[in-house]
Structures are given as structure tokens and as C-alpha cells.
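Colleague: Please take a close look at one part of this model, the sheet, and tell me how its strands are arranged. Some context on the chain as a whole would help too.

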Amino acid sequence: MSTMPGKATPVSASVPMPAGLPSAETGVRRGRLRQYQMQLLERVQAARSGAVAARKELGVIVGGQHCLLDLTQLGEIVIPAGMQIQGVPLAQDWYLGLAAMRGRLTAIIDLARYRGGAACAITADSRIITFAPRLGLNCALLVERVLGLRQQHGMVAGAAASGAAPWARPYSLRDGGQQWLRLDLALLAQEARFLDAGFGGASLYGEHR
């Protein structure tokens, strides 16, 4: 999994910067972004291996709420700056449209809006996180911010609220009281409302299993 701007180009590729910046400033910004990409990639790859994968998840902010994502259910983390998202007629308001990522059209979902909250504004902190290919759904989630890896150690499952979605399970930290939602993307990818992104129950994800 890697972090990059616009189209999901490999981490080793050069990162395009806005025209008109002084060469020194451009070099500094490119170096910082590449360093951030490499550090996050290395940490996620390490967390996926062996017993560590069972103890760490990716922390993100969705609709102002702290959420946890299973690393094995994620594909890539992409910086949306410069990404062209093409809207789709007759789509639900949480279905932002399609974007070209690695040569494939990928559905971009505003998860905060899908959960009934306010729309997520795309800022410098926003990220787009793709589903792992094994989930069989070619789509990605727009989140407000990526918080980095979080340890499962010290977290306890909370009681789900009445009517809560089965793919969003609450967790709390033992020592701080921070409330988290653990989002199960495999269950989300099977939810009928999520699949029927078009008005009248139409699926807008293209081919999926």
C-alpha cells in the first residue's frame, strides 16, 4: 500500500508539483512528500506481516469520528490533490463519481455522507483509500485524515447502539476513553444500500463479484 497524489502511481515515481514554484522549494516539498510516502508504506508493510498484523489497524477520521480499518482490507492510500473525479448522473449524493486509478475507473465514496453526516470537504489532509482487490469491489473511500497505525492492544469492544450498521463496531481505549469505530469493509461491500449507489437500486460500480 502506498500514498501518492492524483493517480495511484508507484511510490518510486517522481511526484509532480505545481508549476511556478522556485526550484529549491519544489525540491524540498518533493523530498518531504516522498519521505512521508516511504515511511507510511514501510510501516504498513511491516504491520501486515506475521503476528503484528493482528495487533495493528489504520486509524482515520470519518465525519469527525475516529475509525479503524483492517490493513488486510485496504489497497492503497492516495492523496486526492489533482485527481479528476467524474460525477455520475442519477447517483446517490455519497457516490462522488469515478476516477482513473492505475488505468482503471474506480468509484469514489464519501463515507461520512454515506453514514448520514455532512459531506467530506477535500483538503490537504484528505485521503482516498482503495478496497483490497480480494473484496471484489472496485471502489475507494474518501476520509478526512489518516492518523497512522493504531495498536489493538488496550482496546475493548463497546456495546453497539440499537440499529447500528453491522460493519461499524465501536471500540474504546482502556486508558483514555477515546471512542473508535472499527469499520469492516468486507461487510460494507456486501451491504445492499452500498451496492445500490444509483437511484432506483442501480449499481454504479461496474463489474464486481
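Modeller: Contacts, meaning heavy atoms within 4.5 Å, come mostly from residues far apart in sequence: of those in the protein chain with a separation of 6 or more, 59% are between residues 24 or more positions apart. This is a predicted model, in which local features need pLDDT of at least 70 and side-chain atom pairs count only at pLDDT 80 or more, while totals for chains, interfaces and linings use all residues. Residues are numbered from 1 along each chain as its sequence is written, and side-chain values use heavy atoms, with hydrogens and water left out.

The protein chain has 4 helices and 12 strands; these are DSSP runs numbered from the N terminus, helices being H or I of at least four residues and strands E of at least two. Of its 209 residues, 43% count as buried, that is, under 20% relative accessible area with a 1.4 Å probe, protein chains only. The accessible surface comes to about 10,700 Å², and carbon and sulfur atoms hold 53% of that; the areas come from the Shrake-Rupley method with a 1.4 Å probe.

Now the sheet. It is open, with 6 strands in the order 9-2-3-12-11-10 and mixed pairing, where two strands pair if DSSP finds at least two bridges between them. Strand 9 (145-151) and strand 10 (155-157) are at the edges; each has a single partner strand, so one side of each lacks a neighbour in the sheet. On average, neighbouring strands of this sheet are turned by 35° against each other, direction ignored, with axes taken as lines fitted to C-alpha atoms.

Strand 12 (residues 179-183) pairs with strand 3 (residues 65-69) in the parallel sense, over 3 bridges. Cys 67 is opposite Leu 181 of strand 12, and Leu 69 has Leu 183 in strand 12 as its bridge partner. With strand 11 (residues 168-173), strand 12 pairs in the antiparallel sense, over 5 bridges. Here Ser 172 has Gln 179 of strand 12 as its bridge partner.

One loop residue can be added. Met 83 lies in the loop between strand 4 (74-79) and strand 5 (95-101). Met 83 counts as buried because its relative accessibility is 12%. Its C-alpha atom is separated by 7.2 Å from that of Ala 99, 16 residues apart along the chain.

Notes: Buried means under 20% relative accessible area, exposed over 50%, partly exposed in between (1.4 Å probe, protein chains only). Axes are lines fitted to C-alpha atoms, for helices over the stretch in contact, and angles run from 0 to 180 degrees between N-to-C directions.
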